[in-house]
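Hi,

Here's the structure I promised to pass along. Have a look when you get a minute, and my notes are underneath.

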Amino acid sequence: MSGQAETTQGIGLRDVLQSFRHWGNLFALIWGASPGYLIRIVMLYLLLGIVPILSLVATQQLINGVVTGVSAGGKQALGAFAWYVGVLVFKQGLSLAQAYYEGLFQQLIANTVQGKVMEKAVTLGLADIENTQVQEQLKRAQQDVMFRPYQMFTQMLGVINHLVTLVSTVLLLIVWKWWVVLVVAATTGISFFTMLSINREQFLISYERASKHREAWYYGFVLTHDKAVKEVRLFQLGSFFLDKFKAIYQDFYLVDRRMAKKRLIWSSAYQGLNLLSLAGMIYLAVREAFQKLIQVGDLYGYVQAITLTQSSAQTVFSNVLAICQHNLYIEQLFVFLALPSSEPALRLADASGQEQQSLETIETFEFRNVSFRYPGTERDVLRNVSFTLRRGECIAVVGRNGSGKSTLAKLMTQLYEGYEGEILVNGSQTSAWGVAQLQKRIGVLFQDFMQYEMSVRHNIGFGNTLVLAQDDKLLEASDRTGIGSFVRNLPKQLNTELGRWLVNGEQLSGGQWQRIAIARAFVREADLYVLDEPNAALDPIAESEVFEKIRDLLRDRLGLFIAHRLTSARFANQILVMEDGAVIEQGTHDELMARNGQYAEMYRVQMKLYEVKT
Ligand SMILES: Nc1ncnc2c1ncn2[C@@H]1O[C@H](COP(=O)(O)OP(=O)(O)OP(=O)(O)O)[C@@H](O)[C@H]1O
């Protein structure tokens, strides 16, 4: 994130110049989108660059031809007219081709940039996705940069194109009066640094906006997402969120208005200066025409050359300014694309210099004095946790809210690095096997499992994409969670779309979604199953059915499940009782009851809830 830190601490001319360092990457990106289109568009811009001077000379010839042609029989005038029409046709043809290629190329570049941003996002780890700075950087990368690379590219071409025009008109003017060129250069150059500073300020404003944009997105989500709308309606929170949403955009508007005013004032001053010098130079040319020092056609030519020189010089300067500004934004894209990933499965730590062994099966899984704190936080949420799980065994983890149970599940599934202590698989460090290999052998149900707005096939098959097309395996997994007959009775069975976000699919109940998610864990040919509250949304009959199946499945595998309903923990070979990140009790149900500690107390409290008071 060093690039990001640098950028926030004020931007000087040096930073602007430094931001040109990404031009190589930018060119590679644009070239990668379509080399053919790139070459064609560059050629078109170059040709368009010489059009103004061609039409200027054609008009000059035409006027002079008409003036002198009357006496010379009109031959010169006709030739000049043909030349003039030819230039018009040429220009029109180039403009049509330019519009065609530019439209398509712009789309291709935007697609390439979006693709790259998403490719990078896929490589980020859970710790990155939970990191606000990374999210903001993602937002910045996504924000304007979709259209900026193309704009920057056309502005670069615009610079080349107008430089060609500029050189040709300047040559014409030098023949007339060389110092006129200096006047044009001076007036145009004056605005450069003022505008550069305004652009810098504008960039800082949009840099800081990333977090506000995310906040606004969140309020928009709460106001429009079906999950949130229930509460929003019932608690009448609509106007509360709407006000917050509107306030953010109103603030943006006020700041933008201030900037627009500033820009207007400076641009007016600059345009005034320009007009003044233009009028002076045109006056000079008209006077010479009156004094018969130049012909009428020449007068036209010089007036055109003066305005063209001035407008081309202005365009070159404003394009250079815009490019400097785009650079700052585009840097955000490359800063994001260069972010290091915290994803353990992708990191080199996987190899860590050790020869990786192939992992056929997991036989034992051990935590040895594992302590962990989430990245960017100060508090250990796991403290010296130790346990061993062997094939054929099942561990239940119980404990109060926030005691660290789900964190334990996330560490077992190798979603985070940076823990202290050791996690051993078959007696060896996880690095000996590599995270990717380990994850392949783990089936998991997270507490906040996904509800994919896709078909049942995808919702179950994502647990093992190898069997996505194998109906028997998918149905077998759904049978394991007692949802098989429900799936068979759906309108399109496994191909029935679920949810109502993308299509008008079948919406499931909370418990049905949970069973689908458990089926997703079960369809994986895994050795170790980690289930975080598999019974949270199940009715008592479904719970007992599902636990029956879990018991069957885990008979010759390794299992760990987290449960708040302690009756389900009874069948586990071992129960871990967690409190404040530490395992405070460990043993079978009977052992823990006999010990009469926290587990026994929780169990008794729960049993009491079920007693019918008479
Ligand atoms: N992604 C995260 N980043 C930072 N802190 C986190 C994160 N997830 C959880 N925590 C913190 O870690 C602690 C343990 O959370 P965890 O989710 O593991 O508890 P739990 O025992 O599963 O709770 P529950 O029974 O409510 O599901 C909590 O104090 C929580 O605030």
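Below is what I found, going from the domains down to the ligand site.

First, keep in mind that this is a predicted model. The domain assignment splits the protein chain into domain 1 (2-337), domain 2 (361-441 + 529-614) and domain 3 (448-525). Taken over C-alpha atoms, the centres of domain 1 and domain 2 are 59 Å apart.

Next, a helix pair. Helix H8 (residues 148-176) and helix H12 (residues 296-337) have axes that come within 7 Å and cross at roughly 155°. An angle over 145 degrees counts as roughly antiparallel, so that is how H8 runs relative to H12. The crossing of H8 past H12 is left-handed. As for what sits in that contact, the tally is 21 nonpolar, 12 polar and one charged residues.

There's also a hairpin to look at. Strand S9 (residues 574-579) and strand S10 (residues 582-587) run antiparallel, with five bridges joining them. Glu579 has Ala582 in S10 as its bridge partner. Two residues lie between S9 and S10, and Asp580 in the turn has a positive phi of about 50°.

Then the ligand. Which of the 13 residues around it come nearest? They are Tyr374, Asn401, Lys405, Ser406 and Thr407. Helix H13 (residues 405-412) gives the most to the shell, with three residues. By class, the shell around the ligand has nine polar, two nonpolar and two charged residues.

Shout if you'd like to go through any of it together.

Cheers

Terms used. Residues are numbered from 1 along each chain as its sequence is written. This is a predicted model: local features need pLDDT of at least 70, side-chain atom pairs count only at pLDDT 80 or more; totals for chains, interfaces and linings use all residues. Two strands pair if DSSP finds at least two bridges between them. Helices (H or I, at least four residues) and strands (E, at least two) are DSSP runs, numbered from the N terminus. Domain bounds come from an automatic or database domain assignment. Axes are lines fitted to C-alpha atoms, for helices over the stretch in contact, and angles run from 0 to 180 degrees between N-to-C directions. Angles under 35 degrees count as roughly parallel, over 145 as roughly antiparallel, 65 to 115 as roughly perpendicular and the rest as oblique. A crossing is left-handed if the near helix is turned anticlockwise from the far one by less than a right angle, and right-handed if clockwise. Ala, Val, Leu, Ile, Met, Phe, Trp, Tyr, Cys and Pro count as nonpolar, Asp, Glu, Lys and Arg as charged, and the others, Gly among them, as polar. A residue is near a molecule or strand if its C-beta atom, placed from the backbone, lies within 6 Å of it.
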